[in-house]
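Please examine the structure shown below. The paragraphs that follow lead through its internal spaces, its charged side-chain pairs and the confidence of the model.

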Amino acid sequence: MASSGAPLNKACYCLPGVYALARPLLFALSPHAAHALANAALAPVEHVAPVRAVVRALCAPGDPRLAVRAMGLLFPSPLGVAGGFDKNALRARALAALGFGSVELGTVTAQAQSENPRPNLFRLEADRALVNRLGFPNEGASAVCARIVARDVRRAGGVPIGVSIGKSRAVPLDPIEGAIADYAASFREAKRVADFVVVNVSSPNTKDLRAMQGADIARALLAELTRVNTTTGKPVPLLLKVAPDLSDADLESLLAVVEEAKLDGVIATNTTIGRTGLSTGADRVAAVGAGGLSGPPLRARALEVVSRVRARLGAGPTVVGVGGVERADDVIALVRAGADLVQMYTGFVYGGPFVARAIARDLSRRMDGAGAKSVAELAGLAH
């Protein structure tokens, strides 16, 4: 007799094929229209608990060998959603139900702000990549964090929930005290509702933001956020998100500050301003213009930065690898380079809503074949 889960299992095999058929139609729309349609499609999963339960049953990782303990938290899978996909926490519960091991929301800023002028989001389909210059559009840290509470996201999602914080566009970098106070205001809101908080100083789409990766400014910023973390309410894990475009020397200087501030971890990496090694034609790349590039073209540098971060920080802090994740192979490679956890964004856009489930199943099959008891052990055995 077939098990009671057989219908669900049979349905699971059809899901990636459904998206493969739908993607050409979706990609015929503008990136903004496609994102809006995807959000609309996820609304029943977000708002209707029985629908969410069915989707979770279809997509949850399920294999305890996939679980990762980091920062005092239990992640059901090493693969999470990167910051930037759900800026206003509108689909946090739905994303968790799709089988991701964590969801990072935002980036939020202390002041509500609109997106940069359109067009500001582009596909480079030949590279399975995206370019964005959105610039932290969000409803403001207070409003977004209130939504996280109202929807009981941490309990209903069932996975660790992160909130990324950034600098409000209207706040200048000089004097630096104003920018630091702006980050601190967002942090106070985020730490009340998140399992971990990410300090985003590395987006290329907010004027002068990356200057905050300079050692002296970063030292002042992280000292203040650490003070707030330890003196107001229960402390939460605090991570710094770094750019892939830092020179090795500047990265080492920044990591020295991370060590000094005793942060819980580093996310490596954000999007890149580089445009090397693309299959997309030069005319198309030039027409797209400025913005952060994400997807497979970032993969090699992300691996390098993860490796450097782990070598510098040692075994204690958590390292989250981001950049070009599309398949189980990419997760394994980042873990082998030194990552504890992995995130994806662009691979989710190209791979569809069931990509986390597919990657989790592939990782489980590979652990079966290798006799591995964890993804970290699998990464050590993989060649």
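The largest cavity of this predicted model encloses about 410 Å³ of space. It is lined by 34 residues, and those closest to its centre are Gly83, Asn132, Asn270, Thr271 and Tyr345. Several elements of secondary structure contribute to this wall: β4 (103-108), β6 (129-132), β13 (341-344) and α13 (346-351) each provide at least two lining residues. The greatest contribution comes from β4, which gives three residues. In terms of residue class, the lining of the largest cavity comprises 20 polar, eleven nonpolar and three charged residues.

In total, the structure contains two cavities of 30 Å³ or more. The second largest has a volume of about 50 Å³. Its lining is formed by Met71, Phe75, Ser102, Phe196, Leu239, Val320, Leu341, Val342 and Gln343. Here β13 gives the most, with three residues. Seven residues of this second lining are nonpolar and two are polar, while no charged residue takes part.

Attention may now turn to the charged side chains. The structure holds 27 salt bridges. One of them joins Asp245 to Arg210, with the closest N and O atoms 2.6 Å apart. This pair connects distant parts of the chain, the two residues being 35 residues apart: Asp245 belongs to the loop between β9 (238-242) and α9 (248-261), and Arg210 to the loop between β8 (196-200) and α8 (215-231). Asp245 has a relative accessible area of 31% and is therefore classed as partly exposed.

A salt bridge within a single helix is found between Arg192 and Glu189, where the closest N and O atoms lie 2.7 Å apart. Because the two residues are three residues apart in helix α7 (residues 176-193), about one helical turn separates them. Glu189 has a relative accessibility of 22%, so it counts as partly exposed.

A further salt bridge is formed by the side chains of Arg147 and Glu139, at 3.0 Å from N to O. Glu139 is likewise partly exposed, with 35% relative accessibility. Salt bridges also link Arg128, Arg299, Glu326, Arg327 and Asp330 into a network.

Finally, the confidence of the prediction should be considered. The pLDDT averages 95 over the chain, and 95% of the residues score at least 70. Residues 1-5, by contrast, have a pLDDT under 50, and the model shows zero contacts for them beyond four places in sequence.

Conventions
Residues are numbered from 1 along each chain as its sequence is written. This is a predicted model: local features need pLDDT of at least 70, side-chain atom pairs count only at pLDDT 80 or more; totals for chains, interfaces and linings use all residues. Side-chain values use heavy atoms; hydrogens and water are left out. pLDDT is the predictor's confidence in each residue, from 0 to 100. Contact means heavy atoms within 4.5 Å. A salt bridge is a side-chain nitrogen of Lys or Arg within 4 Å of a carboxyl oxygen of Asp or Glu. Buried means under 20% relative accessible area, exposed over 50%, partly exposed in between (1.4 Å probe, protein chains only). Helices (H or I, at least four residues) and strands (E, at least two) are DSSP runs, numbered from the N terminus. On a 1 Å grid over the protein atoms alone, a cavity is a set of points where a 1.4 Å probe fits but cannot get out, and a pocket is an open set with protein on both sides within 12 Å along at least five of seven lines; lining residues have an atom within 4 Å of a point. Grid points are joined across faces, edges and corners, and a volume is the space filled by probe spheres set on the points. Ala, Val, Leu, Ile, Met, Phe, Trp, Tyr, Cys and Pro count as nonpolar, Asp, Glu, Lys and Arg as charged, and the others, Gly among them, as polar.
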